[in-house]
Amino acid sequence: MLTIAVDAMGGDIGVEATLPACAEFLKNYKDVKIILVGDEKKIENHSAYHNFISKPDTNIEVIHTDEMISMDDSIEISLRKKRKSSMRLAIEQVKSHHANICISSGNTGALMAVSHYLLKTISGIDRPAIATFLPNQKKSSTAVLDLGANADCSAYNLLQFAYMADIMVRAVSNINSPTIGLLNIGEEFIKGNDVVKQAGQLLRESGLNFYGNVEGNDIFKGTTDIVVCDGFVGNIALKAAEGVAKMISTSIKESFSKNILTKISALCSYNILKQIRSSFDHRRYNGAILLGLNGLVIKSHGSADKTAFFHALEYAYRASKYNMIEQMQNRFNIANSI
């Protein structure tokens with residue numbers, strides 16, 4: 001049975017999002033146990049707990065702590081002062097092998113720092129990276145990393161990100177030789193800063209299926225299976241895409257709500273509009289994996305609601321089904337021996 005440790009208190013919404021999502025998830029996935037880490041009183045007072053999670057046949061365990069890491073806490077406070085936080089105790093479940101994977105909507109910097117401290121990186125990997133799948137026009141998805149863990153990267157860091165993403169996509173998407181693009185301001189090799197130019201040269205010599213430089217719009221075109229960049233650029237690209245998606249969704253809703261004729265048009269186009277709304281709903285793609293650690297950790301969006309957190313749980317479930325850690329250990333052990 002697969003076990004997922006959940007930081008029940010993390011994020012902007014906390015138990016109001018995590019508990020209903022967990023209850024819904026356990027209804028659909030019978031081969032999963034969930035360890036809820038958080039304030040036992042708040043958990044047991046929630047309607048989702050009483051309605052479903054507390055039933056005797058439900059695969060649930062509650063680990064109590066009344067300490068949590070806020071979205072404003074510094075990395076130093078998260079690491080040194082809050083050693084009984086719900087986030088840290090959830091990660092410790094992975095370290096002690098009581099859980100296959102951990103998921104939290106909490107402070108991104110704290111999650112990366114605590115995960116790195118407790119789980120360490122796989123031998124040969126300098127820095128972990130945040131990776132996720134984003135939708136594209138080909139009705140599939142593009143793996144993008146780094147999304148915020150490393151604001152400053154060397155060319156060699158970017159090469160390592162590509163190796164890690166190659167393993168992830170081979171496992172999760174069942175693609176034998178995923179194509180890799182390096183995010184740049186143009187397709188030509190002569191463009192970009194020194195780090196990106198050097199990374200391009202390393203990737204061309206790597207033996208990976210390197211496509212070449214790609215631009216921001218190529219992420220959503222599906223030009224390559226993987227797009228590699230540093231965390232500064234990646235996080236901006238992700239947040240910009242989320243903003244555009246929300247703007248389009250809001251504009252469509254407002255346009256069809258103007259008068260009686262537009263409302264009738266909306267009713268006639270209901271199925272199409274529903275499909276478009278679903279395609280642009282960023283909640284469906286919630287969940288990013290912290291690649292490179294000796295354990296699986298999923299970062300859920302800080303503002304995740306019930307729907308978004310449910311999709312993050314599904315992502316955690318899929319990620320746990322593959323031996324990504326072992327595959328990365330083997331890949332980098334071989335690289336280190338050469």
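Ring pairs join Phe 25, Tyr 29, Phe 310 and Tyr 317 into a cluster. The model in which this cluster appears is a predicted one, and a search of the whole structure turns up six aromatic pairs. A pair of aromatic rings is described by two things, the distance of the centres and the angle of the planes. For Phe 25 and Phe 310, the ring centres are 6.1 Å apart and the planes stand at 70°; an angle over 60 degrees counts as edge-to-face, so this pair is edge-to-face. The two partners come from distant parts of the chain: Phe 25 belongs to helix α1 (residues 15-28) and Phe 310 to helix α13 (residues 306-320), with their positions 285 residues apart in sequence. Phe 25 and Phe 310 are both buried.

The rings of Tyr 29 and Tyr 317 have their centres 4.7 Å apart and their planes at 50°, an angle that is neither under 30 nor over 60 degrees, so the pair is tilted. This pair, too, links distant parts of the chain, for Tyr 29 lies in the loop between α1 and β2 (32-38) while Tyr 317 sits in helix α13, 288 residues apart. Both Tyr 29 and Tyr 317 are buried.

Rings can also have charged partners. The charged end of Arg 204 sits over the ring of Phe 189, at 4.0 Å from the ring centre. Similarly, the charged end of Lys 120 is placed over the ring of Tyr 117, 4.8 Å from the centre of that ring. Lys 120 itself is found in the loop between α6 (108-119) and β5 (129-135). Its relative accessibility is 45%, which falls between the limits of 20% and 50%, so Lys 120 counts as partly exposed.

What about the interior? In soluble globular proteins, nonpolar side chains tend to be buried together. Here the largest nonpolar core has 68 residues, and Ile 4, Met 168 and Ile 289 have the most contacts inside it. Helix α7 (residues 155-172) is the element that gives the most to this core, with 13 residues. Another core, of 32 residues, lies apart from it and includes Met 87, Ala 99, Met 112 and Val 114. Returning to Met 168, residues up to four places away in sequence are not counted in its list of contacts, which consists of Ala 131, Phe 133, Ala 143, Ser 173, Ile 289, Leu 291, Tyr 315 and Met 324.

Helix α5 (residues 86-95) is mostly covered, with eight of its ten residues buried. Among these buried residues are Met 87, Leu 89, Ala 90, Ile 91 and Val 94, but also Ser 86, Arg 88 and Gln 93. Just after α5, His 97 takes a positive phi of about 65°.

Two acidic residues in loops offer a contrast in surroundings. Asp 73 is located in the loop between β3 (60-64) and α4 (75-81). With a relative accessible area of 15%, which is under the 20% limit, Asp 73 is buried. A polar atom of the Asp 73 side chain lies 2.9 Å from the backbone nitrogen of Ser 70. Beyond its neighbours within four places in sequence, Asp 73 is in contact with Met 68, Ser 78, Lys 82 and Asn 107. Glu 205, in turn, is placed in the loop between α8 (194-204) and β8 (210-214). Its relative accessible area is 55%, over the 50% limit, so Glu 205 is exposed. The side chains of Glu 205 and Gln 201 are joined by a polar contact of 2.6 Å.

A few backbone angles also deserve a look. Most residues other than glycine have a negative phi, and most peptide bonds are trans. Lys 120 has a positive phi, near 65°, without being a glycine. Asn 174, also not a glycine, has a positive phi of about 55°. Asn 174 lies in the loop between α7 and β7 (180-183), and at 65% relative accessibility it counts as exposed. The peptide bond from Leu 145 to Asp 146 is cis, with omega near 10°. Asp 146 belongs to the loop between β6 (141-145) and α7.

Finally, how confident is the prediction? The mean pLDDT of the protein is 89, and 95% of its residues reach 70 or more. Confidence is lowest in helix α12 (residues 270-280), with a mean of 67, and highest in strand β9 (residues 226-228), at 98.

Notes:
Residues are numbered from 1 along each chain as its sequence is written. This is a predicted model: local features need pLDDT of at least 70, side-chain atom pairs count only at pLDDT 80 or more; totals for chains, interfaces and linings use all residues. Side-chain values use heavy atoms; hydrogens and water are left out. A nonpolar core is a set of buried Ala, Val, Leu, Ile, Met, Phe, Trp, Tyr and Cys residues joined through side-chain atoms within 4.5 Å. Buried means under 20% relative accessible area, exposed over 50%, partly exposed in between (1.4 Å probe, protein chains only). Helices (H or I, at least four residues) and strands (E, at least two) are DSSP runs, numbered from the N terminus. Contact means heavy atoms within 4.5 Å. pLDDT is the predictor's confidence in each residue, from 0 to 100. A polar contact is a pair of N or O atoms within 3.5 Å; within protein, one must be able to donate a hydrogen and the other to accept it, and residues adjacent in sequence count only if both atoms are side-chain atoms. Rings of Phe, Tyr and Trp (its six-membered ring) pair if their centres lie within 6.5 Å; planes under 30 degrees apart count as stacked, over 60 as edge-to-face and the rest as tilted. A charge sits over a ring if NZ of Lys or CZ of Arg is within 6 Å of the ring centre and within 35 degrees of the ring normal.
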